[in-house]
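Let's take a look at a few local details here, from backbone oddities to ring contacts. Have the structure open as you read.

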Amino acid sequence: MPAVDKLLLEEALQDSPQTRSLLSVFEEDAGTLTDYTNQLLQAMQRVYGAQNEMCLATQQLSKQLLAYEKQNFALGKGDEEVISTLHYFSKVVDELNVLHTELAKQLADTMVLPIIQFREKDLTEVSTLKDLFGLASNEHDLSMAKYSRLPKKKENEKVKTDVVKEVAATRRKQHLSSLQYYCALNALQYRKRVAMMEPMIGFAHGQINFFKKGAEMFSQNMNSFLSSVADMVQSIQVELEAEAEKMQVSQQELVSVDESVYTPDSDVAAPQINRNLIQKAGYLNLRSKTGLVTTTWERLYFFTQGGNLMCQPRGAVAGGLIQDLDNCSVMAVDCEDRRYCFQITTPNGKSGIILQAESRKENEEWISAINNISRQIYLTDNPEAVAIKLNQTALQAVTPITSFGKKQESSCPRYYLVSPDRCHQKAKSSVPGVLMLCGGAPALGVREGAVEEKVRKWPQNLRNLELENDKIVPKAAARVPDADELIAPGTPIQFDIVLPATEFLDQNRGSRRINPFGETEDETFPEAEDSLLQQMFIVRFLGSMAVKTDNTTEVIYEAMRQVLAARAIHNIFRTTESHLLVTSQTLRLIDPQTQVTRANFELTSITQFAAHQENKRLVGFVVRTSESTGGEALSTYVFESNSEGEKICYAINLGKEIIEVQKAHDLVSEC
């Protein structure tokens, strides 16, 4: 160890300039040591603080590792291995936390505390002695100044004695303070070396102890565990790289598609439209009223679910019901100068919601899908096949045909006059006052006893009598006529002879509306009160058109085909629900909301009626009317009913039979 510079105590009393100069060097060294000690203490306190933070951090880390199991991950399937591994790591971190806590305590006792003691004891003592030495030196200088000013006169001996005593006392005080100050400065040269090395010895011992215990903790078992975890991570990384490569390939394929995928309505000229959809999903704009005349449009995600139209805003976890599509109608509409809008109307004829699609293709596919769902095709065993079949049947009208093809005779509807002995059979009905005819079939509203007497008097020669008009009851299958023989090519189709109730009332405010179908509000039908037959059906008008003949029911089938095809081609799916009342004299079409009779047909003017052979809900009839020119016109009307169309045909046939019975009764009465 090299020699240490020091102050000579023997020179303290003399207090020469050379001694004072050397003293200033020691004082400068002490000041530098004080500044350095403060900086070193800050660094050591930072290490100690970091170690304390490590203790808190490892404790928090252990808790977070255990909390992974309690997280409700939406995609947490297959995390069992991860959970067990994290549990083990949490245990290891807890053990490490114990070691970190012990290390923090050792650093506080062996590193931070010694340097604090050195600063507070040694450096503070030197600073205090320096101040005392300075005061003693100042007092000695003042006393020497008094002593130097003493006069030569003897009468001042007492004053001289006092000043001499004061000089001696202050010199002794300065000497003692200088001796203590010099000793402290000399000792500081040794203590600073100890103070610098002792904290680092504690730091080193603490770290060695920490790593030694850590090495004992991480034994061979820990090494094998870390090896297995590393293998698992490596396998996951391999899977990730393979999946990333697949996703990159898929991304390149998706990006390399035609630009039309990103362009809305890119194929507006000839879009590829699928009209056989029974479910549909996508974004639409929903029109909402915000005031009396103001509206807003909101882009939402819509999808069909069974017979319901659902809406799901972006970010929502589930969708909500917007509209029940069963038996509803849908049609394209013009709305606020926007393109591709369509409206869904409820079964009672009230206007529903208005939606806007982003392209013509989406618009027509949504209309087709909603129309298919409204027919409840989704309830069948094979809804896709049913939708395809119905749309193919409708679209066949685009290609002209020369014949319907041969149909089996058994498939053609036949209606025969019921014989009196069968009609006379009565059975109990579930509905009071209903007469059961034709082997238990209800007579559809015939009041019990009203026809019984007339049927009993029916002449025997009427039993095998066919109806005078062989158009109603064909006896044998005839040649199937061509389409041109039934309906003239290019014949217009009328879709809107049945108006919604609200539109009808609007048109009749202020003046009476007159139409060729006998629609009226004021006129009553007294024959309905006395009618032997009253049967009500719920129907929707599909269309009507002029025909060339009423010699066969094939004209009705051809009219059905053309009406359905025209609706499909022109996206006309809106229909209005009405009540069809069949009596023994007339066939009336009544508005269900206002009870206004919209159309009235005499049964005697109905020359043909039949239900569709495949879609049993379709029914039609041919009406013969007189023209002002003296000729006759034939028109076919097509309806869709909620029940089977054959029931409507049965009711019409029964009404005609009642008319024939009444004629026969009148004939017998006259005889």
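N327 comes out as partly exposed, because its relative accessibility is 24%. Keep in mind that this is a predicted model. You'll find N327 in the loop that runs between β4 (320–324) and β5 (329–335). What makes it worth a glance is the backbone: N327 isn't a glycine, yet its phi is positive, at about 60 degrees. For context, most residues other than glycine have a negative phi.

Q595 does a similar thing, with a positive phi of about 60 degrees and no glycine in sight. Its loop sits between β12 (586–590) and β13. Q595 counts as exposed, with a relative accessible area of 51%.

Now for the rings. Searching the whole structure turns up 13 aromatic pairs. Two of them are set out here:

| Pair | Centre to centre | Angle between planes | Type |
|---|---|---|---|
| F541 and F639 | 5.4 Å | 65 degrees | edge-to-face |
| F601 and F621 | 5.5 Å | 70 degrees | edge-to-face |

F541 belongs to strand β10 (residues 534–546) and F639 to strand β16 (residues 632–641), so this pair ties together parts 98 residues apart in sequence. Both F541 and F639 are buried.

The other pair also links distant parts of the chain, with F601 in strand β13 (residues 597–602) and F621 in strand β15 (residues 618–626), 20 residues apart. F601 and F621 are buried too. Add Y637, and ring pairs join F541, F601, F621, Y637 and F639 into a cluster.

One last ring contact: R299 lies over the face of Y283, 4.3 Å from the ring centre.

Definitions and conventions:
Residues are numbered from 1 along each chain as its sequence is written. This is a predicted model: local features need pLDDT of at least 70, side-chain atom pairs count only at pLDDT 80 or more; totals for chains, interfaces and linings use all residues. Side-chain values use heavy atoms; hydrogens and water are left out. Rings of Phe, Tyr and Trp (its six-membered ring) pair if their centres lie within 6.5 Å; planes under 30 degrees apart count as stacked, over 60 as edge-to-face and the rest as tilted. Helices (H or I, at least four residues) and strands (E, at least two) are DSSP runs, numbered from the N terminus. Buried means under 20% relative accessible area, exposed over 50%, partly exposed in between (1.4 Å probe, protein chains only). A charge sits over a ring if NZ of Lys or CZ of Arg is within 6 Å of the ring centre and within 35 degrees of the ring normal.
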